[in-house]
Amino acid sequence: MESMENESMENKNMENENKTKEKSAQIARLAIEAMEDKKAEDIRVIDISEVSVIADYFIIAGGNNRSQIQALCDNVEEKLGRAGSAVKQIEGYDTANWILMDFGDVIVHIFDRENRLLYDLERIWRDGKQIEAEDLTK
């Protein structure tokens, strides 16, 4: 009887994890769409769910100048806010050389060219799985 209860709890935990991951993927897709609308460059998605507890996805993108980088941030915040996913915190907006947007299970990084090369998050998080944005729909 106890093993059946344990198995039932494990199944419920797996179901909750799948629902959370699906919600994260939905947030990530919306963020990518918002950045594509404002012509973000070189958008990358890293699935870090297997290597870290801080989030499921990192989205990394670039902009050409301060105005575009801030517009990318504004559009992501607006689009996700309308979808019911309010940003928890934004860092770096004023300087706009690296803006970090925290949506809980999705972290959005928007860089200028110089800082993207300098911080090289793709290399730092190489243990995560780089995925194509289209794969978030699966």
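## Exercises on charged and polar side chains

A polar contact of 2.7 Å links the side chain of aspartate 56 to that of serine 24, in what is a predicted model.

**Exercise 1.** Determine where aspartate 56 lies, whether aspartate 56 is buried or exposed, and which residues aspartate 56 touches beyond its sequence neighbours.

*Solution.* Begin with the secondary structure, where aspartate 56 is found in the loop that runs between β1 (41–47) and β2 (57–62). Next take the accessibility: because the limit for buried is under 20% relative accessible area, aspartate 56, at 12%, counts as buried. Finally, list the contacts, leaving out residues up to four places away in sequence; those that remain are Thr20, Lys21, Ser24, Ile46, Asp47, Ile48, Ser49 and Asp105. Ser24 in this list is also the partner in the 2.7 Å polar contact between side chains.

**Exercise 2.** Find the salt-bridge partner of arginine 82, and describe how the two residues are placed in the secondary structure.

*Solution.* The structure holds 8 salt bridges, and in one of them the side chain of arginine 82 meets that of glutamate 78, at 3.3 Å from N to O. Both residues belong to helix α2 (residues 66–82), where they stand 4 residues apart, about one turn of the helix. As to accessibility, arginine 82 is exposed, with a relative accessible area of 64%, whereas glutamate 78, at 46%, counts as partly exposed. As background to such pairs, side chains of opposite charge can pair when their charged atoms come close.

**Exercise 3.** Work out which residues are joined with Glu122 into one network by salt bridges that share partners, and classify each residue as buried, partly exposed or exposed.

*Solution.* Start from arginine 44, which forms a salt bridge with aspartate 42, the closest N and O atoms being 2.9 Å apart. Since the partly exposed class lies between 20% and 50%, arginine 44 falls into it at 31% relative accessibility, and aspartate 42 does so at 42%. Turn then to glutamate 122, whose salt bridge with arginine 116 has its closest N and O atoms 2.6 Å apart. Here glutamate 122 is buried, with a relative accessible area of 13%, and arginine 116 is likewise buried, at 10% relative accessibility. The last step connects the pairs, for salt bridges with shared partners join Asp42, Arg44, Arg116 and Glu122 into one network.

Technical notes: Residues are numbered from 1 along each chain as its sequence is written. This is a predicted model: local features need pLDDT of at least 70, side-chain atom pairs count only at pLDDT 80 or more; totals for chains, interfaces and linings use all residues. Side-chain values use heavy atoms; hydrogens and water are left out. Buried means under 20% relative accessible area, exposed over 50%, partly exposed in between (1.4 Å probe, protein chains only). A polar contact is a pair of N or O atoms within 3.5 Å; within protein, one must be able to donate a hydrogen and the other to accept it, and residues adjacent in sequence count only if both atoms are side-chain atoms. Contact means heavy atoms within 4.5 Å. A salt bridge is a side-chain nitrogen of Lys or Arg within 4 Å of a carboxyl oxygen of Asp or Glu.
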